[in-house]
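Me: Could you take me through one part of this protein at close range, starting from a single side chain and working outwards? A friendly, connected account would suit me best.

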Amino acid sequence: MFITHAERKLKAYLHSRSQHDYPITSLEDSVQYKKVEPYTGDSLLAAGVDGGIAMLKLANGHQVVLARAAAVGPGFVEREFEADIAKVESASMPWAYLVIVESLVGIKAIERHSVDVLLMDGSLYAKTVRLVHNLILAREFQNLYYIPELAAALHLLAKLIDTAQRRGTKLIFVSKDHSFKLLKEHVIFEKLSARQRDPIYQRGLQWYSVLWIRRFRKELLEIYKQLRGHDYESSRLLAMLITPSITDSELLGQLLPPGSYTVPMLVGGCDAYMNYKGLTTVDKLVKAAEDRLEDSLIFRLKEQYSQDVVGMIREALEVIPKIYFLYVKFGGDDTPLLVEIPAEGTKMFDGAAVKAFYPPARVGDIVGLLATQYRDPIHYNAWLWYAHAVASFRASHLSEYAVYLKNMAGGVGMGRRLKLAWGV
């Protein structure tokens with residue numbers, strides 16, 4: 001049954017993805033890249049950080065959230081563990097705890113072991129924007145309920161960045177699995193704006209991603225319909241732009257040679273939704289978050305929160321920097337790694353939407369250092385792989401935790417299912 005159904009579905013899927021419909025090779029001259037040079041600098045003390053999340057359901061429908069993280073380096077392992085009860089089901093709450101434990105253990109590695117390089121698993125841009133979105137735009141009460149926890153996650157992420165900068169630690173975020181379209185959209189909008197003058201193209205060059213806004217989706221579709229009859233090249237570019245399944249990873253899988261990395265992009269507060277809503281300054285973001293916090297306290301039946309949550313949000317937004325955003329491809333069959341490096345002396349939310357190639361960024365040493373830690377497509381980074389092995393949950397671990405929690409839960413009791421959520 002498996003072979004029959006899977007083969008039929010896969011054949012249909014592959015047939016529907018005929019590459020001649022999407023002119024990926026026409027973007028070849030727009031994707032700038034450099035050769036990875038061997039690292040020749042001083043010996044550096046490096047460490048990797050990764051985390052895992054698991055959920056255990058109680059008999060009354062509530063869930064125990066278990067979040068753990070590890071920082072591993074030469075001769076040391078630091079750990080962090082957080083457990084909480086989720087009374088309201090929310091996808092963002094456990095994920096926020098993952099950010100919390102990873103940030104806490106990263107700070108431990110910097111302060112206790114004076115590491116020169118700290119490698120964090122995942123995307124800094126994605127973590128920051130998702131947290132801010134949940135703080136300012138949450139419409140569902142499931143996410144509104146957990147505004148204080150989301151604020152704590154953003155605050156600790158900012159504290160990690162600040163601690164690294166003060167201690168002189170290079171902070172590097174590395175993502176193996178990613179689905180950004182940031183570079184793809186930028187190079188396509190560059191080509192389209194060179195062929196035609198249209199305000200939406202300029203928005204596309206400044207923001208990521210205008211397709212998130214329904215008005216702009218409809219506008220781009222209308223332009224596509226108009227161009228389809230007389231400007232074949234532009235219409236094909238628009239089709240590739242609108243198609244969500246074509247990501248930076250697929251684009252660069254074809255265009256980026258092995259042993260090279262893309263010229264960094266400087267990425268700031270370019271989120272289309274925030275810009276469209278006019279939430280482009282720290283003051284405006286804080287005000288929006290303050291309103292959401294008020295809603296959260298209503299759901300929690302509280303008049304105030306013991307901590308200065310609004311102050312934590314403001315402090316974090318003042319610290320989060322712009323990012324040098326680049327892709328690296330070490331082996332021929334590899335998925336390009338996404339590498340993000342905080343740009344020192346900058347602020348992400350300073351009112352300026354930034355998304356542009358930035359050749360002056362000095363990232364060659366960092367890319368060379370990552371090359372020394374590369375083994376193969378699976379073990380893409382020695383320290384991050386080690387951290388992943390230490391921190392991730394396995395079914396045997398979760399079963400052990402369930403036994404203890406069953407005894408602790410008393411009259412509530414445990415549900416029948418164990419849920420492995422993330423980090424497995």
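Reply:

**A close look around helix α3**

Lysine 127 is buried, since its relative accessible area is 9% and the cut-off for buried is under 20%. Please keep in mind as we go that this is a predicted model. Lysine 127 belongs to helix α3, which covers residues 124-136. Setting aside neighbours within four places in sequence, the residues in contact with lysine 127 are Trp95, Val99, Glu102, Asp121, Gly122, Leu157 and Phe173.

Three of those partners lead us onwards. Take Trp95 to begin with: arginine 130 lies over the face of tryptophan 95, 4.2 Å from the ring centre. Tryptophan 95 therefore appears twice in this account, as a contact of lysine 127, itself buried at 9%, and as the ring beneath arginine 130.

Next comes Asp121. The C-alpha atoms of aspartate 121 and valine 339 are 9.9 Å apart in space, while 218 residues separate the two in sequence. Valine 339 sits in strand β10, residues 337-342. With a relative accessible area of 1%, valine 339 is buried. Beyond its neighbours within four places in sequence, valine 339 touches Ile172, Phe173, Tyr324, Phe325, Leu326, Val328 and Leu370. Phe173, the third partner to follow, is thus listed both for lysine 127 and for valine 339.

Phe325, another contact of valine 339, brings us to the aromatic rings. Ring pairs join Phe325 to a cluster that also holds Tyr125, Phe180, Tyr208, Trp212 and Tyr327. Tyr208 has a feature of its own: the peptide bond running from tyrosine 208 to serine 209 is cis, with omega near 0°. Serine 209 is placed in the loop between α7 (199-206) and α8 (214-227).

Now back to α3 and its helix neighbour. The axis of α3 comes within 7 Å of the axis of α12 (residues 282-299), and the two cross at roughly 60°. That crossing angle makes α3 oblique to α12. On the α3 side the residues are Val132, Leu135 and Ile136, and they meet Leu285, Ala288, Ala289 and Arg292 of α12. Sorted by class, this contact has six nonpolar residues, one charged residue and no polar ones.

Just past α12 there are two more residues to visit. The charged end of arginine 300 sits over the ring of tyrosine 145, at 4.9 Å from its centre. Leucine 301 lies in the loop between α12 and α13 (309-319). Leucine 301 is not a glycine, yet its phi is positive, at about 60°. Its relative accessibility is 79%, so leucine 301 counts as exposed.

Serine 114 also has a positive phi, near 50°, in a residue other than glycine. You will find serine 114 in the loop between α2 (92-113) and β5 (117-121). Serine 114 is partly exposed, because its relative accessible area of 48% falls between the limits of 20% and 50%.

One last stop, for the rings in general. The count of aromatic pairs comes to 15. For phenylalanine 393 and tyrosine 401, the ring centres are 5.9 Å apart and the planes stand at 70°, so this pair is edge-to-face. Phenylalanine 393 is buried at 1% relative accessibility, whereas tyrosine 401 is partly exposed, with a relative accessible area of 25%.

Terms used
Residues are numbered from 1 along each chain as its sequence is written. This is a predicted model: local features need pLDDT of at least 70, side-chain atom pairs count only at pLDDT 80 or more; totals for chains, interfaces and linings use all residues. Side-chain values use heavy atoms; hydrogens and water are left out. Helices (H or I, at least four residues) and strands (E, at least two) are DSSP runs, numbered from the N terminus. Buried means under 20% relative accessible area, exposed over 50%, partly exposed in between (1.4 Å probe, protein chains only). Contact means heavy atoms within 4.5 Å. Axes are lines fitted to C-alpha atoms, for helices over the stretch in contact, and angles run from 0 to 180 degrees between N-to-C directions. Angles under 35 degrees count as roughly parallel, over 145 as roughly antiparallel, 65 to 115 as roughly perpendicular and the rest as oblique. Ala, Val, Leu, Ile, Met, Phe, Trp, Tyr, Cys and Pro count as nonpolar, Asp, Glu, Lys and Arg as charged, and the others, Gly among them, as polar. Rings of Phe, Tyr and Trp (its six-membered ring) pair if their centres lie within 6.5 Å; planes under 30 degrees apart count as stacked, over 60 as edge-to-face and the rest as tilted. A charge sits over a ring if NZ of Lys or CZ of Arg is within 6 Å of the ring centre and within 35 degrees of the ring normal.
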